[in-house]
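Let's work through a few exercises together. Look at the model first, then follow the steps.

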Amino acid sequence: MSLILAEISDGIGTITLNYEIKRNALSEQLVLEIAATFEKFKAERVRVAILRARPGAKVWSAGHNVAELPLGGLDPLGWQDPLRMLIRDVEAFPAPVIALIEGGVWGGACELVFACDMIVATPEATFAATPAKLGVPYNATGLLTFLNAAPPHIAKELLFTSRPMTAARLERQGIINHVVPAAEITDFTHEMAQTIAHNSPLAIGVMKEQLRILAAAHALSPADFERIQGLRRVVYNSRDYAEGINAFKEKRTPVYLGE
Ligand code: LCV
């Protein structure tokens, strides 16, 4: 059974997350299906992609599939992790990706939405970044996604509190492009996509890639790289990391001891 729906119409490709039973958790299978669809969209020379959940969704995505987070001293967000692969796919897709948001966006899905080129959300949509709640040592490129999308203090409030933020608050911060009522959001988003689709796909694709390169242009010394890896290893080897994952699986509140 496919975990997404995909369609192309008038040069606009739409991917609909369709894994409601697990609240559209970004499992490896779902991520691989999105990646394959992006390849198909590329072959069909789609000019805009829209990433959404089913209309009326209460949860847009519950984020990384926690059941797939490794224990036993393995990096939970390494290069080959499905969420990391998905973020890179969105950033590398040669046309704008618009996130159409209804419902709650959680954890790694919040980063996924922030990595999209534009965000249109209903007033009821909420956004929560949850590494601190789960005890996960988020990775450098992931944190850079937050830093490129949000003012540092807002990024830190999202990351340190793990509390959901409203679409209106994020729109005021310039993180969300438009807040649109649910009844109008599909047409609104398609109208914006059609405007883009009538412009030069070459110019847009090259500007998108330049903006990606510029946003990622940070000099990092080998010593800094090793320090980051060492800091993260302390966390994913910690008792607290295992506690966060196990508490989620046991549906209980985690107790963090800072070790
Ligand atoms: C696997 C799930 C999930 C899920 N994975 O429905 O950013 S980081 O670092 O934290 C990163 C590692 C990350 O993204 O971690 C995931 C962070 N996500 C969250 O903290 C959200 C966790 N989910 C929830 O709080 C609730 O599920 C919400 C509020 C999204 C929806 O609540 P609701 O009552 O509607 P359930 O909780 O009953 O979930 C329905 C089924 O989906 C599974 C959950 O285990 C349940 O499966 P079972 O019926 O088999 O028990 N599910 C939900 N989220 N992230 N599985």
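Ala, Val, Leu, Ile, Met, Phe, Trp, Tyr, Cys and Pro count as nonpolar, Asp, Glu, Lys and Arg as charged, and the others, Gly among them, as polar. This is a predicted model, in which local features need pLDDT of at least 70 and side-chain atom pairs count only at pLDDT 80 or more, while totals for chains, interfaces and linings use all residues. Residues are numbered from 1 along each chain as its sequence is written, and side-chain values use heavy atoms, with hydrogens and water left out.

**Exercise 1.** Sort the lining of the second largest pocket by residue class.

*Solution.* Start with the term: on a 1 Å grid over the protein atoms alone, a pocket is an open set of points where a 1.4 Å probe fits, with protein on both sides within 12 Å along at least five of seven lines, and lining residues have an atom within 4 Å of a point. Next, sort the lining: 16 residues are nonpolar, 8 polar and 6 charged.

**Exercise 2.** Find the polar contacts of the ligand, that is, pairs of N or O atoms within 3.5 Å.

*Solution.* Begin with Ala 62, which has a backbone N or O atom 2.8 Å from a ligand nitrogen. Then take Thr 130: one of its polar side-chain atoms lies 2.7 Å from a ligand oxygen. Finally, a polar backbone atom of Pro 131 is 3.4 Å from an oxygen atom of the ligand.

**Exercise 3.** Sort the shell around the ligand, whose residues have a heavy atom within 4 Å of it.

*Solution.* First, the count: 22 residues surround the ligand. Then the classes: 12 are nonpolar, 6 polar and 4 charged.

Notes: Polar contact = N/O pair within 3.5 Å; in protein donor to acceptor, adjacent residues only side chain to side chain.
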